[in-house]
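Me: I would appreciate a close look at a single part of this model. Please treat the place where the two chains meet.

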Amino acid sequence: MDIFNLDINQIVDLGTQIGTSGAIRTLELVGDDVFDYIIGVAILIYEIYPNG
Amino acid sequence: MVERSALDAAAARSFAAAARFRASEPYRALEAAFSVPAVEDAVVAVLADTGWVGALIAPLVAALSDDPWFEPPFRVARDGLRIGTVVFENPVVSIAATVLSADALAVLPPPQTVVVPGRLTLTRYVRAGEARLRLWDAEPMGPDFSAATARPCSAAPDLVLRDGAVVRLDGRTRGHLIDGARSDVVTLNATIRTETAPYAREYAIETGALVRVATNDDRAARTQMLLAYLRLAQRPGAQERFAAATRDPAFFLRWGAMREWLAIDTRAALPRLREMAEADPNAEVRAAATATLALVEERIAA
């Protein structure tokens with residue numbers, strides 16, 4: 001019996017949204033360079049194309 | 001133009017110097033100091049006398065003066081306000097040396113938000129620059145924390161900084177900002193990694209209202225990204241990964257994994273969705289699972 005698959009956009013999300021690690025910049029130097037780099041690129045893309 | 005072979009040779013020298021650095025007596029002394037149960041006491045003792053910093057970096061300074069292509073084995077972060085480098089790190093403690101520019105601070109627009117970073121830190125203000133710390137208190141973040149019911153943060157009395165002062169900040173419930181520096185602020189900042197809270201929070205200064213929350217857990221953040229990738233890639237055999245992540249300690253990952261799983265194979269995810277609606281420890285996850293379960297059952301009945 002294969003019923004259907006939900007579209008992920010139809011599935012409710014939590015009221016408390018949690019940003020990914022590094023999304024809030026702090027005074028501490030933490031995390032690793034590669035991950036910080038990925039987050040940096042993601043933030044840059046979001047800022048350039050906020051509705052993309 | 002520098003020959004590729006010259007750069008390769010420089011990289012090899014840098015790697016060798018990094019290995020010697022981590023085997024050096026000052027570095028090993030720090031590792032030994034933090035290999036005790038009372039880590040915070042050990043950090044206080046290490047920050048009480050900063051003579052070790054010069055001894056730690058002296059071989060690297062010498063290597064740099066001899067070799068313009070030498071790369072010190074330090075992670076460096078630089079923004080418009082400060083430059084900092086991690087001089088020591090292991091799974092228990094990281095220590096960063098930072099210089100904050102008083103000139104840059106003076107011309108920045110007033111900050112609109114304050115971060116409660118979720119990290120326990122002890123900071124030695126080697127040069128305090130006659131600055132003060134503005135402080136805010138936030139509620140502890142329990143397992144059922146919800147943005148909808150979060151209490152606002154509140155301002156606490158400022159702390160005037162003095163040269164040589166060691167300041168303990170429990171960033172799990174306290175946020176801070178440096179203000180009013182008359183000269184550059186030089187710090188050694190030790191973070192006790194094992195005491196890190198799962199989440200960082202950002203609050204609006206004017207109203208105290210919660211603005212956003214982010215995880216401090218790199219593992220959970222990576223897992224969330226990889227699960228999204230597995231869904232998009234339609235990878236066969238990924239079911240076990242989705243199922244396992246719905247039992248993660250991080251509530252947002254549990255629900256994130258369930259969303260991905262439902263989108264890739266609703267039928268397979270349904271039994272676990274029922275369990276989460278009934279018994280997930282987080283109220284928001286239970287509510288989301290209950291609402292989604294109703295949607296699925298409505299589709300089944302249709």
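How many residues does the contact take from chain B and from chain A?

Reply: The model is predicted, so local features are restricted to pLDDT of at least 70 and side-chain atom pairs to pLDDT 80 or more, while totals for chains, interfaces and linings use all residues. Residues are numbered from 1 along each chain as its sequence is written, and chains are lettered from A and ligands numbered from 1 in the order in which they are written.

The contact takes 43 residues from chain B and 26 residues from chain A, two residues being in contact if their C-beta atoms, placed from the backbone, lie within 7 Å. On the side of chain B that touches chain A, helix H10 (residues 283–301) of chain B supplies the largest share, seven residues; helices (H or I, at least four residues) and strands (E, at least two) are DSSP runs, numbered from the N terminus. This side of chain B comprises 22 nonpolar, 10 polar and 11 charged residues. Here Ala, Val, Leu, Ile, Met, Phe, Trp, Tyr, Cys and Pro count as nonpolar, Asp, Glu, Lys and Arg as charged, and the others, Gly among them, as polar.

The chains are also linked by strand pairing, which requires that DSSP find at least two bridges between two strands. Strand S1 (residues 18–19) of chain A runs parallel to strand S12 (residues 210–215) of chain B, with two bridges between them. Within S12(B), B:Ala214 is the bridge partner of A:Gly19.

As for the wider layout, chain B is divided into domain 1 (8–69 + 76–215) and domain 2 (218–301), with bounds from an automatic or database domain assignment.
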